[in-house]
Amino acid sequence: MLSSFESIPARERIIVALDCGIDEAFDLADKLQGKATWLKVGMTLFYANGPAIVYALKERGFKVFLDLKFHDIPHQVEGAAASATGNGADMLTMHTVGGVDMMRAAQKGAVRAAEEYGFDVPVTLGITVLTSMSEEGLREIGVNRAVADQVAVLAEQAKVAGISGVVASPQEAAELREILGPDAYIVTPGVRPAGSEKGDQSRVSTPAEAFAAGASHIVIGRPITQSADPAAAFERIAAEL
Ligand code: C5P
């Protein structure tokens, strides 16, 4: 199934993951300004620097994917999503295993804060099964299903809750596109340009393969951030698409 994101330029569908300290994050932001649209802030950068990191990147003109993976009771997650939205996050994440009520609460918090601050409602994404989890790991926590089946079950719950989409590996993207339909966000890390270092990623796809499988956006970190010339690395990937 084709996604309805096909007509958006590739450079606006590449999210650069800033898994680094604040000085390096600002240095990368300066180098990518005017080129990249999206930057991803994860727990390490956020917990060290707080909402200021989001404001600073927004001021430089980026959209910010705030990847804090909420998982708590619905009331708390509603508040977290509202706070993240108020900070200016354009995309945020939660664990789908928190359940439909929790995901609905996140959506409600995001919509409420967006109205309050006059912002666009952020993209709300569910994490299904962490790619660090194996089938054995699932069994240990009492889930007796193949990983792919559990991913499908949880994606259905995200759909029922009415959030924007999911984070998934490129290998899962095609099946998830069938489950979630053409308009869902399917954001895939584990992407490596042809011929680049895999780092600690084991199952990787190229950017073109991830988009062909149905990804709406791809997350790329080290192939850009650890390149001698991050701007050129970003441009090479965008041009490859
Ligand atoms: O440097 P690299 O391209 O591997 O960075 C990928 C980014 O995507 C990192 O921020 C990582 O935390 C995130 N991620 C991932 N695999 C997942 C989920 C998130 O690599 N399954």
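# Helix packing and the place of L2

Reader: What is the hand of the crossing where α4 passes α5?
Author: The model here is predicted. Take α4, residues 74–87, and α5, residues 100–117. As α4 passes α5, the crossing is right-handed.

Reader: How far apart are the axes of α4 and α5?
Author: The two helices pack at an angle of about 35 degrees. On the α4 side, the contact includes P74, V77 and A81. On the α5 side, M102, A105 and Y117 are among the residues met. The axes of α4 and α5 are separated by 7 Å.

Reader: How many charged residues has the contact of α4 with α5?
Author: Sort the residues of this contact by class. Nonpolar residues number 11, and polar ones 3. The charged residues number 4.

Reader: Is α1 roughly parallel or roughly antiparallel to α3?
Author: Helix α1 spans residues 22–32, and helix α3 spans 51–59. They pack at about 15 degrees, with axes 11 Å apart. Angles under 35 degrees count as roughly parallel. The angle therefore makes α1, relative to α3, roughly parallel.

Reader: Which residues of α3 make the contact with α1?
Author: The helices meet in a right-handed crossing, α1 passing α3. From α1 come I22, A25, F26 and A29. By class, the contact has 7 nonpolar residues, no polar and no charged. The α3 side consists of I53, A56 and L57.

Reader: Why do the buried residues of α8 line one face of the helix?
Author: In α8, residues 170–180, the buried residues are P170, E172, A173, L176, R177, I179 and L180. Seen down the axis of α8, they line one face because they fall within an arc of 155 degrees. An α-helix has 3.6 residues a turn, so residues three or four places apart point the same way. For α8, the value behind that one face is an arc of 155 degrees.

Reader: Which residue follows α8?
Author: The cover over the buried residues of α8 includes α7, β6, β7 and α9. Past the helix comes a residue with a positive phi, near 90 degrees. That residue is G181.

Reader: Is L2 buried or exposed?
Author: L2 lies in the segment before β1. Its relative accessibility is 64%. The cut-off is over 50%, so L2 counts as exposed.

Reader: Which residues does L2 touch, not counting those up to four places away in sequence?
Author: Look first at a residue 64 places along the chain from L2, namely L66. The C-alpha atoms of L2 and L66 are separated by 27 Å. Leaving out residues up to four places away in sequence, L2 touches R177 and P182.

Definitions and conventions
Residues are numbered from 1 along each chain as its sequence is written. This is a predicted model: local features need pLDDT of at least 70, side-chain atom pairs count only at pLDDT 80 or more; totals for chains, interfaces and linings use all residues. Side-chain values use heavy atoms; hydrogens and water are left out. Buried means under 20% relative accessible area, exposed over 50%, partly exposed in between (1.4 Å probe, protein chains only). Helices (H or I, at least four residues) and strands (E, at least two) are DSSP runs, numbered from the N terminus. The arc is that of the directions from the helix axis to the C-beta atoms. Contact means heavy atoms within 4.5 Å. Axes are lines fitted to C-alpha atoms, for helices over the stretch in contact, and angles run from 0 to 180 degrees between N-to-C directions. Angles under 35 degrees count as roughly parallel, over 145 as roughly antiparallel, 65 to 115 as roughly perpendicular and the rest as oblique. A crossing is left-handed if the near helix is turned anticlockwise from the far one by less than a right angle, and right-handed if clockwise. Ala, Val, Leu, Ile, Met, Phe, Trp, Tyr, Cys and Pro count as nonpolar, Asp, Glu, Lys and Arg as charged, and the others, Gly among them, as polar.
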